[in-house]
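Me: Please take a close look at a single part of this structure with me, and explain each term as you go. I am in my first year, so plain words would help.

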Amino acid sequence: MNRARTRHLIFAACGIAGLIALWQWGYVWGGPFVLPPPQDTAVFLWQLVADGKLWQPALVTFGNVLLGFGAGAAIGLALGLLGGFIDEIGAALQPVSTIILGIPPIAWIVLAILWFGPRGFAPAFTVAVGIAPVVFAGALAGMRAASPDLDELAEAFKLGWRQKLFEIRLPQVAVALLPALATALGLAWKISIMAEVLSGGTGIGGKIADARAQLDLTATMGWIAVVVILLLVTDRLLARLTGPQQSVVA
Amino acid sequence: MPALLELANIGVSLDGKPILRGIDIEVTPGQFVVVMGPSGVGKTTLLRLIGGLIAPDAGARRLDARAAIVFQDPRLLPWQSALDNAGLGLRAEGLSRRAARDRAASILTRLNLSAADQTKRPAALSGGMRQRVALARALVLEPRLLLLDEPFSALDTALRQNLQDLLRGIIEAEGLSAVLVTHDPLEAVRLADRIIVLSGVPATIAADILHARPARAATEAYRAAADLMALPAVAAAFATPLTPSAAAPAPSLKRNPGEPPEDYFHCRSCGGTILEWSGSPNDDDFAFCKRCGASAGVWGRLCRDAGEPFFEAVARLCRGAVRTLKS
């Protein structure tokens, strides 16, 4: 680990320590009905792990995120590439994407609960609808920013369609697409939790809804902490795949 | 000897604007043709036409050999290593990545790129290395005709001469033909068997000069470049103004701190005309009259190495220049 990286990590740790200190100050200032003490939340988290009660809700939420993110990213990417190759399709889809992006996720959640019932596909569907326009916009921007010089290079060296797509076009699209995917991933977690809170599912959102109903602030903060940890882990994984500059959280 | 390339009465328009007209060129095996002309005249368009990247509006193009092009900027794929970049065209022909890498490695080694550098991505390579990778990408295809679009124009003088020598060596050893586009008379006389000068809008061939390749000695090359630019047809080609839309921005004069303003020197032949300096800031400073094309000499490495001040060197070397103070 080089010196700059160590320095970066030290400052990141200082930032997190500062946030926990602020949390502690909030507890001291407002009492346990405003914020639970951080140590109680840590104990709650430890008990969740020790009792094995963490995994099932985490897996449900992770499944919703994965399914919704996968479907939304695949649809957004396919349409973005298509819109980039065929200008007319791009022009037709762009306002549709803007309209969908403008609809708040909460409205989609309500519709999804009506369509799919309170359990099942509602969170994954809402995630897919929420992130597809983001990925579409990234893919379309990447396609439109493709270098005509590299297109001419491909023509001069008589590259086939496969080489043009995988060696020339997609790597250029990736420059705009990867930040969009990183943003979409963060969005997917937020939307999924929100959908689960409203639909009362068995995922982390459902647990947060239960804790809220029982006015259990420690459990609420504990489950929020679980979401943050899961987001950090998946974001790091995505950053590892796509390069550290693509991370949403660092 | 039958020609590899034959262009007959070629006309080209881009966006409805005529760029080339009545171009007749034949390139025979082993011939090194340099196409010169002022910036924006249509040299690159001609090269793209030869490479089949654009079609002519008029006339016929016949190419009886495999051609490969080296662009002005290297156009390397930033996400691939030098080896994979050099093997791009081979993979298009169905070679496996491994086989393409093996062939590319042998060419890159011949172009003096170390094995360690061959595995690096373009961002980690110098400008000269990148251009060598671009050259290798063309050479691995074993073309009979190499198309070169000012490939060394962005490099410094010493590196450019080094690559020119390397290129000339490979072309002679392999018996290749080449068409090189340049605006640099020094590069033309170093490399060419034949120099074609384009001028006007639309561009036509203003001069077609068979050229005995000069010796490598710098002084001889400078003299040959000066003589080339002094030829009336060549001088006129460079003095003919292009329409503003056709002309690229004029190259800026390279100056050292404390140098005189641009209109410091005037032409003795036509009186009072500012002397123009050839090409990009990296060129050797080859001086000729903007209006009449009279050769005025050069101020390049010779003067710099001698530590002679710019204006003193020009006053001494530039036979056609009169030094005048502006104020």
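Reply: Helices and strands here are DSSP runs numbered from the N terminus, with at least four residues (H or I) for a helix and at least two (E) for a strand. By that count, chain B has 12 helices and 14 strands. What you are viewing is a predicted model, where local features need pLDDT of at least 70 and side-chain atom pairs count only at pLDDT 80 or more, while totals for chains, interfaces and linings use all residues. Residues are numbered from 1 along each chain as its sequence is written, with chains lettered from A and ligands numbered from 1 in the order in which they are written.

Let's pick strand E6 of chain B, residues 145–149. Is E6(B) mostly covered or mostly open? It is mostly covered, as 5 of its 5 residues are buried (20 or more other C-beta atoms, placed from the backbone, within 10 Å of a residue's own; exposed is 12 or fewer, and partly exposed lies in between). In a regular strand, side chains take turns between the two faces of the sheet. In E6(B), B:Leu145, B:Leu147 and B:Asp149 point one way, while B:Leu146 and B:Leu148 point the other way. Residues on either side of E6(B) are buried. For comparison, 46% of the 327 residues of chain B count as buried.

Now for the neighbours of E6(B). Strands in a sheet are held in pairs by backbone hydrogen bonds, in a parallel or an antiparallel sense. Here, two strands pair if DSSP finds at least two bridges between them. E6(B) pairs with E5(B) in the parallel sense over 4 bridges, and B:Ile69 is the residue opposite B:Leu147 of E6(B). E6(B) is also joined to strand E7 (residues 177–182) of chain B by 5 bridges, again parallel. There, B:Leu145 sits opposite B:Ser177. To get from E6(B) to E7(B), the chain passes through helix H7 (residues 157–174) of chain B, and this β-α-β crossover is right-handed (with the strands pointing away from you, the path from the first strand over the helix to the second runs clockwise).

Step back, and E6(B) belongs to an open sheet of 6 strands in the order E5-E6-E7-E3-E8-E9, with mixed pairing. At its edges are E5(B) and strand E9 (204–210) of chain B, each paired on one side only. Neighbouring strands in this sheet are turned by 15° against each other on average, direction ignored. Towards the E9(B) edge, strand E8 (residues 194–199) of chain B runs antiparallel to E9(B), with 6 bridges joining them. B:Ile195 has B:Ile209 as its bridge partner in E9(B).

A helix also lies over our strand. Helix H6 (residues 127–139) of chain B crosses E5(B) and E6(B), at about 170° to E5(B). Axes are lines fitted to C-alpha atoms, for helices over the stretch in contact, and angles between N-to-C directions run from 0 to 180 degrees. Contact means that the C-beta atoms of two residues, placed from the backbone, lie within 7 Å.

The E5(B) edge leads to the other chain. Strand E5 (67–70) of chain B, together with helix H8 (161–199) of chain A, is among what covers the buried residues of helix H7 of chain A. Those buried residues of H7(A) are A:Leu153, A:Ala154 and A:Ala156. Seen down the axis of H7(A), they fall within an arc of 165°, so they line one face of the helix (the arc is that of the directions from the helix axis to the C-beta atoms). Across the whole meeting of the chains, 10 residues of chain B are in contact with 13 residues of chain A. Helix H3 (residues 88–92) of chain B gives the most to chain B's side, with 4 residues.

Chain B also has an antiparallel open sheet of 3 strands, ordered E2-E1-E4. Its edges are strand E2 (17–27) and strand E4 (58–63), each with a single partner strand, so one side of each has no neighbour in the sheet. Here neighbouring strands are turned by 25° against each other on average, direction ignored. Strand E1 (residues 5–14) of chain B is joined to E4(B) by 5 bridges, with B:Leu5 opposite B:Leu63. Helix H1 (residues 43–50) of chain B lies across E1, E2 and E4, at about 120° to E1(B).
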